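Here is a short report to read alongside the model. Please keep the viewer open, and turn the structure as you follow the text.

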Amino acid sequence: MAVRPIRVFGDPVLKSVSAPIGEIDDGVRALVKDLIDTVELPGRAGVAACQIGVGLRAFSYNIDGDIGYVLNPVLVETSGDPQPIGEGCLSVPGLWHDAIRYPYAKVVGIDLDGNEIVVEGEGLLAQALQHETDHLDGMLYLDRLTPEERRVAMREIRESDWF
C-alpha cells in the first residue's frame, strides 16, 4: 500500500457526500491501509477517504500517536459549548483559521471485521472526529468559519501558489 496524494480545495470529490461502505472486500482493506499510511506522516491528525480521491465513508486518525480508522462513521454525539478553535486542513494547505467546534465528540462506525467501533474524546481528538466526518459529508472546515473569516480564507486561497 502507499501514502496517497492529498486532493486540494477545488477538487469536486471534496464537496461530494461519500457513499457508505457495503461489502468489506480487498478494495476496502487496501483503502484502510492507504489511509493509515497517509495519516502516519508527521503533522497529520486525520485523513478522510475523499481526501485521497475515494468517495467512501472512511477516515483514519493520528492523535498523540494513537492511530486508527473508522468505516461508515457517524458523529452520534457532541457536547459542551461550541467554540472557535484553530484549525487547518491538508486539503487547504498553508491556511489556519478558527473553526467552530464542540469540545467533545463521539463517532460510531465499524472496523474491517464489521465490528462496531466507538471513538470519543475531547480536545484535538474531538476536533478531528468532527473535521473528518464533515469531509465525508462534503464539507470543508472553511464552511465552519464566520463569514468574515471565510472571506479572508478565500482570499488566501486565491493568492496561494497551489490554487
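Let us begin with a turn. Strand 6 and strand 7 form a hairpin with 5 residues between the strands, and in this hairpin glycine 114 has a positive phi near 85°. Please keep in mind that the model is a predicted one.

**The hairpin of strand 6 and strand 7**

Strand 6 covers residues 104-110 and runs antiparallel to strand 7, with 7 bridges joining the two. One place to look is valine 108, which stands opposite valine 118 in strand 7. Another is glycine 109, whose bridge partner in strand 7 is isoleucine 117.

Which residues of strand 7 make up its covered face, and which its uncovered one? Ile117, Val119 and Gly121 are on the covered face, while Glu116, Val118, Glu120 and Glu122 are on the uncovered one. The two partners just named in strand 7 therefore fall on opposite faces: isoleucine 117 is on the covered face and valine 118 on the uncovered one, where a residue counts as buried under 20% relative accessible area.

Strand 6 also holds valine 107. With a relative accessible area of 0%, valine 107 is buried, because the cut-off is under 20%. From valine 107 to glutamate 40 the C-alpha distance is 20 Å, and 67 residues separate the two in sequence.

**The open sheet**

Strands 6 and 7 belong to an open sheet of 5 strands, which has the order 1-2-3-6-7 and antiparallel pairing. Which strands stand at the edges? They are strand 1 (46-48) and strand 7 (116-122); each has a single partner strand, so one side of each has no neighbour in the sheet. On average, and ignoring direction, neighbouring strands of this sheet are turned by 40° against each other.

**Positive phi values**

Most residues other than glycine have a negative phi. The table gathers residues with a positive value, two of them glycines.

| Residue | Phi | Where to find it |
|---|---|---|
| Aspartate 64 | near 50° | loop between strand 2 (58-63) and strand 3 (66-79) |
| Asparagine 72 | near 50° | strand 3 |
| Glycine 114 | near 85° | hairpin of strand 6 and strand 7 |
| Glycine 138 | near 80° | follows helix 2 |

Is aspartate 64 buried or exposed? Its relative accessibility is 78%, so aspartate 64 counts as exposed, the cut-off being over 50%. Asparagine 72, in contrast to a loop residue, is found within strand 3.

**The hairpin of strand 4 and strand 5**

A further hairpin is made by strand 4 and strand 5, with 2 residues between them. These strands pair in the antiparallel sense over 6 bridges. Isoleucine 85 has alanine 99 of strand 5 as its bridge partner, and glycine 86 stands opposite aspartate 98 in strand 5.

**Helix 2**

How far apart should the ends of helix 2 be? At 1.5 Å a residue, its 13 residues should span 18 Å, and the end C-alpha atoms are indeed 18 Å apart, so the two values agree. Helix 2 is mostly covered, with 12 of its 13 residues buried. Among the buried ones are Leu125, Ala126, Leu129 and Leu136, as well as Gln127, Gln130, His131, Glu132, Asp134 and His135. After helix 2 comes glycine 138, with its positive phi near 80°.

**The largest pocket**

The hairpin of strands 4 and 5 and helix 2 come together in our last topic. The largest pocket has a volume of about 350 Å³. It is lined by 18 residues, of which Gly43, Ala45, Gly88, Cys89 and Trp96 are the closest to its centre. Strand 4 (83-89), strand 5 (92-101) and helix 2 (124-136) are the elements that give two or more residues to the lining.

Which element gives the largest share? It is helix 2, with 5 residues. By kind, the lining divides into 7 nonpolar, 8 polar and 3 charged residues.

Notes: Residues are numbered from 1 along each chain as its sequence is written. This is a predicted model: local features need pLDDT of at least 70, side-chain atom pairs count only at pLDDT 80 or more; totals for chains, interfaces and linings use all residues. Side-chain values use heavy atoms; hydrogens and water are left out. On a 1 Å grid over the protein atoms alone, a cavity is a set of points where a 1.4 Å probe fits but cannot get out, and a pocket is an open set with protein on both sides within 12 Å along at least five of seven lines; lining residues have an atom within 4 Å of a point. Grid points are joined across faces, edges and corners, and a volume is the space filled by probe spheres set on the points. Helices (H or I, at least four residues) and strands (E, at least two) are DSSP runs, numbered from the N terminus. Ala, Val, Leu, Ile, Met, Phe, Trp, Tyr, Cys and Pro count as nonpolar, Asp, Glu, Lys and Arg as charged, and the others, Gly among them, as polar. The expected span of a helix is 1.5 Å times one less than its number of residues. Buried means under 20% relative accessible area, exposed over 50%, partly exposed in between (1.4 Å probe, protein chains only). Two strands pair if DSSP finds at least two bridges between them. Axes are lines fitted to C-alpha atoms, for helices over the stretch in contact, and angles run from 0 to 180 degrees between N-to-C directions.
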